[in-house]
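Student: Could you take me through one part of this model up close, the strands and what sits around them? I'd like one connected walk rather than a list.

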Amino acid sequence: MTDSVVAVIGLGAMGAGIAEVFAKAGHSVVGIDYNDEALARGRGVLTKSVDRAVAKEKMTAEERTALLDRITWTTSTPDGVREASLVVEAVNENQDLKASIFRQADEHAPADAILATNTSSLSIAGIAAATNRPAQVLGIHFFNPAPVQKLVEVIRAPRTSDATTERALELLRGVGKSPIVCTDRAGFIVNYLLLGYLNHAVRLYQDGFADRDTIDALMVEKAGYPMGPFTLMDMIGLDVAESALARMHAETGDRLHAPAALLTQLTIAGMLGRKSGEGFYPHPEAGDQSAVAWADVDLPTREDELPMKLVAPYLNDVLGMVERRYATPSDIDTGMALGCRMPKPFDVIAEMGPVALLEAQRAIYAESGEPGHRPTQLLTKLAAADDPAAALAALRG
Ligand SMILES: NC(=O)c1ccc[n+]([C@@H]2O[C@H](COP(=O)([O-])OP(=O)(O)OC[C@H]3O[C@@H](n4cnc5c(N)ncnc54)[C@H](O)[C@@H]3O)[C@@H](O)[C@H]2O)c1
């Protein structure tokens with residue numbers, strides 16, 4: 001299948017990398033953007049990226065030339081998709097723009113072509129509804145930078161067919177990616193779980209449970225996470241995290257996804273993290289910033305309850321995803337390990353044991369009274385099994 005034609009529409013931060021991924025693996029690629037200037041910019045980004053790979057000796061000069069020769073460039077979507085078996089749309093995150101691109105692609109691509117969107121937050125079902133082939137439409141959510149990140153989320157909308165999903169998975173595995181599958185819900189797998197956890201960390205901080213530095217340090221030292229939640233939010237951008245949480249909250253109605261008040265306040269104040277020079281931490285390297293962080297105060301810390309206070313609700317969310325048949329344990333493990341370099345959640349549940357996890361989550365639920373903290377039925381069932389460890393192993397398959 002590596003000789004099939006892949007059309008990539010929108011050659012920005014993501015599209016240029018996606019085009020590189022498919023061309024590198026041997027596909028003929030058509031790179032599409034809406035005018036000559038944008039096309040030249042995308043082409044420049046891609047060329048620079050493969051030049052870097054040659055400089056680092058990850059690719060030979062011959063491979064570079066062959067890769068670039070496999071790509072053609074056009075500003076015409078109808079022409080660009082005409083021979084494609086897969087169309088990947090990566091234009092700006094705008095529902096109307098994406099719908100109009102999909103209408104065009106549907107009209108001009110071969111009848112059996114798959115149409116995929118790289119959207120991070122829009123409804124795949126809504127985009128599919130703009131076409132006459134909703135069974136052949138799905139989300140293929142690459143992570144940034146696409147040539148480097150192995151993880152890809154494949155998102156099935158209500159009408160996406162099994163055959164379309166299988167073909168997309170086969171194509172993605174063929175280009176060296178590790179795809180995981182879920183259905184069409186805000187945040188998909190990785191961002192849903194990650195942002196829920198980050199939001200919870202902000203709540204613990206704003207409510208005076210522990211200070212920022214302690215939470216960050218303990219999540220690294222005790223939970224084995226690559227960085228603390230506040231350091232990570234400063235990297236992601238507080239505005240990005242805030243708006244993604246707001247979308248999840250709008251969809252689920254679960255108050256745990258309502259952006260923590262502090263997160264919203266900092267966003268409104270323009271304290272967006274590294275990119276603005278100040279977020280949860282000051283980042284003087286990005287500009288002239290005040291020397292003291294906005295809330296650099298000592299708070300009484302119940303350290304011994306951390307990191308369980310953060311990890312248990314996150315693991316409860318993980319089990320909720322499985323309970324709702326949203327994603328499989330193995331795909332969730334892959335997603336969190338590859339996407340966030342976090343320990344595989346099912347390894348952590350196994351290590352802790354369902355009984356201890358249930359006990360911790362019950363205590364958090366009792367203390368907070370938050371319906372979203374109610375232990376999932378699946379957790380309760382696992383803990384009540386004759387052999388909880390064996391029940392968990394069976395669930396993992
Ligand atoms: N940036 C990320 O980290 C990231 C990660 C995963 C998914 N995404 C998603 O990928 C998509 C693209 O994001 P991005 O960050 O690459 O955006 P971007 O702004 O860098 O690039 C968008 C590209 O689309 C082009 N474009 C706009 N209108 C067009 C049209 N009518 N026809 C053809 N091309 C057109 C623009 O010229 C630009 O090159 C979005 O849906 C975003 O949510 C982004």
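Tutor: Let's start with a facing pair: Ile9 stands opposite Ile32 in S2. Keep in mind that this is a predicted model. The two strands behind that pair are S1 (residues 5-9) and S2, which run parallel and are joined by five bridges. To get from S1 to S2, the chain passes through helix H1 (residues 15-24), and this β-α-β crossover is right-handed.

S2 has a parallel partner in strand S3 (residues 71-74) as well, with four bridges between them. Pick Val30 and look across to S3: its bridge partner there is Thr72. How enclosed is S2 by the rest of the structure? Largely, because four of the five residues of this strand (residues 28-32) are buried, and the cut-off for that is under 20% relative accessible area.

Now for the ligand. It is surrounded by 23 residues, and the closest are Ala13, Met14, Asp33, Glu93 and Lys98. Asp33 brings an N or O atom of its side chain to 2.7 Å from a ligand oxygen. Two asparagines do something along those lines: a polar side-chain atom of Asn144 lies 3.1 Å from an oxygen atom of the ligand, and for Asn92 the figure is 3.4 Å. As for cover, the ligand taken alone exposes 840 Å², and the protein buries 77% of that.

Which elements build the shell? Helix H2 (36-55), helix H5 (95-108) and strand S6 (137-142) each give at least two residues to the shell around the ligand. H5 has the largest share, with three residues.

While you have the model open, have a look at the aromatics too. There are five aromatic pairs. In one of them, the ring centres of Tyr197 and Tyr225 are 5.4 Å apart with the planes at 75 degrees, so this pair is edge-to-face. Tyr197 belongs to helix H8 (residues 190-206), while Tyr225 sits in the loop between helix H9 (212-221) and helix H10 (229-236), so the pair links parts of the chain 28 residues apart. Both are buried: Tyr197 has a relative accessible area of 3%, and Tyr225 has 6%. Another edge-to-face pair is Tyr205 with Phe230, at 5.2 Å centre to centre and 70 degrees between the planes. That one connects H8, which holds Tyr205, to H10, which holds Phe230, across 25 residues. Tyr205 and Phe230 are buried too. Finally, ring pairs tie Tyr197, Tyr225 and Tyr314 into a cluster.

How values were computed: Residues are numbered from 1 along each chain as its sequence is written. This is a predicted model: local features need pLDDT of at least 70, side-chain atom pairs count only at pLDDT 80 or more; totals for chains, interfaces and linings use all residues. Side-chain values use heavy atoms; hydrogens and water are left out. Buried means under 20% relative accessible area, exposed over 50%, partly exposed in between (1.4 Å probe, protein chains only). Two strands pair if DSSP finds at least two bridges between them. A crossover is right-handed if, with the strands pointing away from the viewer, the path from the first strand over the helix to the second runs clockwise. Rings of Phe, Tyr and Trp (its six-membered ring) pair if their centres lie within 6.5 Å; planes under 30 degrees apart count as stacked, over 60 as edge-to-face and the rest as tilted. A residue is near a molecule or strand if one of its heavy atoms lies within 4 Å of it. A polar contact is a pair of N or O atoms within 3.5 Å; within protein, one must be able to donate a hydrogen and the other to accept it, and residues adjacent in sequence count only if both atoms are side-chain atoms. Accessible areas come from the Shrake-Rupley method with a 1.4 Å probe; for residues, only the protein chains shown count as cover.
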